[in-house]
Every structure is written in structure tokens, then in C-alpha cells.
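This briefing introduces a protein and its ligand to a reader who has not met them before. Please look over the sequence and the structure below before turning to the notes.

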Amino acid sequence: MGSPARPMSPPGALSPAGRKLPWLAPAVVTGGLIPLAVLGLRARAGALGANAVAEALNQLGLLALVLLVASLAATPLKLVSGWTFPLRIRKALGLLAFFYACAHFLTYAVVDQGLDARAVIEDITERPFILAGFVALLLLAPLAATSTARMLKRLGAARWKRLHRLAYVAAVLGVVHFFLRVKKDTTEPMIYAALLALLFAVRIASAALRRRAASRRAPAGSRAA
Ligand code: HEM
């Protein structure tokens, strides 16, 4: 994780290379919405198969998880490659993940459960699989709400960063949710679990290296103190 001494890169900021690529985030948002359009067209054409609701639910849930993991990959990718463009699309990917998670939940609550609040609450309290997804969605909400430059300024970089580490918890819960759903063949959720572990390991290793470099740079007197 980044040290509080390093300035945050606020949404839309210039990279050290200084090029802004203003089209990049809108292109990612547009591209990120294509799967939704395709899903809508397939639903309209009755091409979602015998269990259309489950198919739509699974597609939306999977998109939410893929985009969440992609947004979490931005910083580690920058750390290992030095590329700055991933940081510029991190927010767009995170917001798309939240959007798909909401669409996933709404499909479940409205289409699958027929807006029966009691059935939804019963499901959340009685099925660990649904509870894991629900908590993941709850955790994503404050992150989406504080994703603006204004909220970053209001919270302060250190607090904002601490809050946004919840994205990792939400992703882990999303993977647990996936594990509990698949029951038998756990290959797919295992892939997401391994990816998350790798991203986390890169961040921890980078923080450790930074700490070591900082302690080497510190004058001998201040180290002894
Ligand atoms: C209140 C929140 C949520 C509810 C009620 C919920 C509900 C469901 C349901 C009912 C299914 C299975 C459909 C079926 O087996 O036919 C499912 C699948 C799934 N959900 Fe969720 N979910 C929630 C939140 C989330 C979140 C936040 C994520 C991701 C971050 C997520 C990711 C997934 C994935 C990856 C699948 C499986 C997709 C597949 O098998 O290809 N869900 N969810």
C-alpha cells in the first residue's frame, strides 16, 4: 500500500510523463458497457437459454468481479511496469464494477425474487452465499460515493486511501460468494483468488521495498533515535 507521505494521484491527474489521455477513461466506460448492451439484446431476442434469469445473474455477477479485480490491478501494474495509464482508468473500472454489482443485485431482487423484501432478507440471513455477495455490495457503496476528487480532498489522502482498501475486502467476499455458488468445480473462483493474492503480494512487497529504501536514506542519527 502507498505510504501517506507519497501524494495521491487525484482523479484525472497528470502522470509523471505528463500526458493526459483524456479519451482513455470515457473509452473504458464505453467498452465496459458493451457487455450490458449485448446481454440486453440477447435477453430481448430470447437467446439467454432455458434459465434466462440465472444466465443474466451470472453474467452480471461475473462482470462485477472481473471489473473489480481489474481496478485493483491498476496500482500493482503501475508498480511493476512503471506505466501510469492504469491509474487513470482505475476509477472508471471501479465505478463500472459497482454499476454491474448493482445491476446484478437488482436482477436478483426484482426479477428473481419479484421484489419480495421478506424473501430477500431471508435469503441474506439464511444463505451464506447471498450474505457474502450482499456485504461485498455494501462495502462497494461508500467507495463509489467517495470516488470524486472533491471527496478525496474532503477526507484527506490518508483517510481516503484507508477507506478504499475496502475494495480488497469486497473483492475477497466476491470470490467467497463465487466459491459458495459453484460448489463443485472451483477452478474459476480459484483463478480470481490467485489473482487477488498476486496483486496483494505485489503491493506488500513494494511497500516493504519502499520502507527499506527510506530507512537506508535516513541519516544514521535519525535511525538510532
Ligand atoms: C446483494 C448482493 C448480491 C446478491 C443477492 C447476489 C446474488 C447472486 C446469485 C443469486 C447468483 C447465482 C445465480 C445462479 O446460481 O443462478 C450470483 C452469482 C454470482 N455473483 Fe452475486 N450477488 C450479489 C453480489 C455480488 C457481488 C458484489 C459480486 C462481485 C463482486 C458478485 C459476483 C457473482 C459471481 C462471480 C457469480 C457467479 C457467476 C458465474 O457463475 O459465472 N455478486 N449472485
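Which residues are the closest to the ligand, and how many surround it? In this predicted model, the ligand is surrounded by 21 residues, and the closest are Ala-54, Asn-58, Gly-61, Gly-133 and Gly-174. The protein chain around this site is built with 10 helices and zero strands.

**Confidence**

- The pLDDT of the protein chain averages 91, and 89% of the residues score at least 70.
- Residues 1-10 have a pLDDT below 50, and this stretch has 15 contacts in the model beyond near neighbours in sequence.
- Over residues 12-18 the pLDDT likewise stays under 50, with five contacts in the model beyond four places in sequence.
- Where pLDDT is low, the predicted coordinates should not be read in detail.

**Overall architecture**

- Along the sequence, the helices of the protein chain give the pattern α-α-α-α-α-α-α-α-α-α.
- The protein chain has 225 residues, of which 23% count as buried.
- Among contacts in the protein chain with a separation of 6 or more, 70% join residues 24 or more positions apart.

**Ligand shell**

- Helices α2, α3, α5 and α8 each contribute at least two residues to the shell around the ligand.
- With eight residues, α2 gives the most to this shell.
- By character, the shell residues comprise 14 nonpolar, six polar and one charged.

**Nonpolar core**

- The largest nonpolar core contains 35 residues, and those with the most contacts inside it are Ala-64, Leu-67, Leu-68, Ala-97 and Tyr-100.
- At least two residues of this core come from each of α2 (52-81), α3 (85-112), α5 (128-145), α8 (166-182) and α9 (187-217).
- Helix α2 provides the largest share of the core, 11 residues, and α2 also gives the most to the ligand shell.
- Beyond its neighbours within four places in sequence, Ala-64 is in contact with Ala-97, Tyr-100, Ala-101, His-104 and Gly-174.
- Gly-174, one of these partners of Ala-64, is also among the residues closest to the ligand.

**Leu-60 in helix α2**

- Leu-60 is located in helix α2.
- Leu-60 counts as buried because 23 other C-beta atoms lie within 10 Å.
- Not counting residues up to four places away in sequence, Leu-60 touches Tyr-100, Ala-103, His-104 and Thr-107.
- One of these partners, His-104, is 44 residues away from Leu-60 in sequence, yet the two are 5.1 Å apart in space, C-alpha to C-alpha.
- His-104 is in contact with Ala-64 as well.

**Helix α9**

- Helix α9 has 31 residues, which at 1.5 Å a residue should span 45 Å; the end C-alpha atoms of α9 are 45 Å apart, so the expected and modelled spans agree.
- Tyr-192, Leu-196 and Leu-199 are buried in α9.
- The buried residues of α9 pack against α2 and α8, and both of those helices also supply residues to the shell around the ligand.

**Leu-115 in a loop**

- Leu-115 belongs to the loop between α3 and α4 (117-126).
- Is Leu-115 buried or exposed? Leu-115 is exposed, because 10 other C-beta atoms lie within 10 Å.
- The phi of Leu-115 is near 55°, a positive value in a residue other than glycine.
- Most residues other than glycine have a negative phi.

Key: Residues are numbered from 1 along each chain as its sequence is written. This is a predicted model: local features need pLDDT of at least 70, side-chain atom pairs count only at pLDDT 80 or more; totals for chains, interfaces and linings use all residues. pLDDT is the predictor's confidence in each residue, from 0 to 100. Two residues are in contact if their C-beta atoms, placed from the backbone, lie within 7 Å. A nonpolar core is a set of buried Ala, Val, Leu, Ile, Met, Phe, Trp, Tyr and Cys residues joined through C-beta atoms within 7 Å. A residue is buried if 20 or more other C-beta atoms lie within 10 Å of its own, exposed if 12 or fewer, and partly exposed in between; C-beta atoms are placed from the backbone. Helices (H or I, at least four residues) and strands (E, at least two) are DSSP runs, numbered from the N terminus. A residue is near a molecule or strand if its C-beta atom, placed from the backbone, lies within 6 Å of it. Ala, Val, Leu, Ile, Met, Phe, Trp, Tyr, Cys and Pro count as nonpolar, Asp, Glu, Lys and Arg as charged, and the others, Gly among them, as polar. The expected span of a helix is 1.5 Å times one less than its number of residues.
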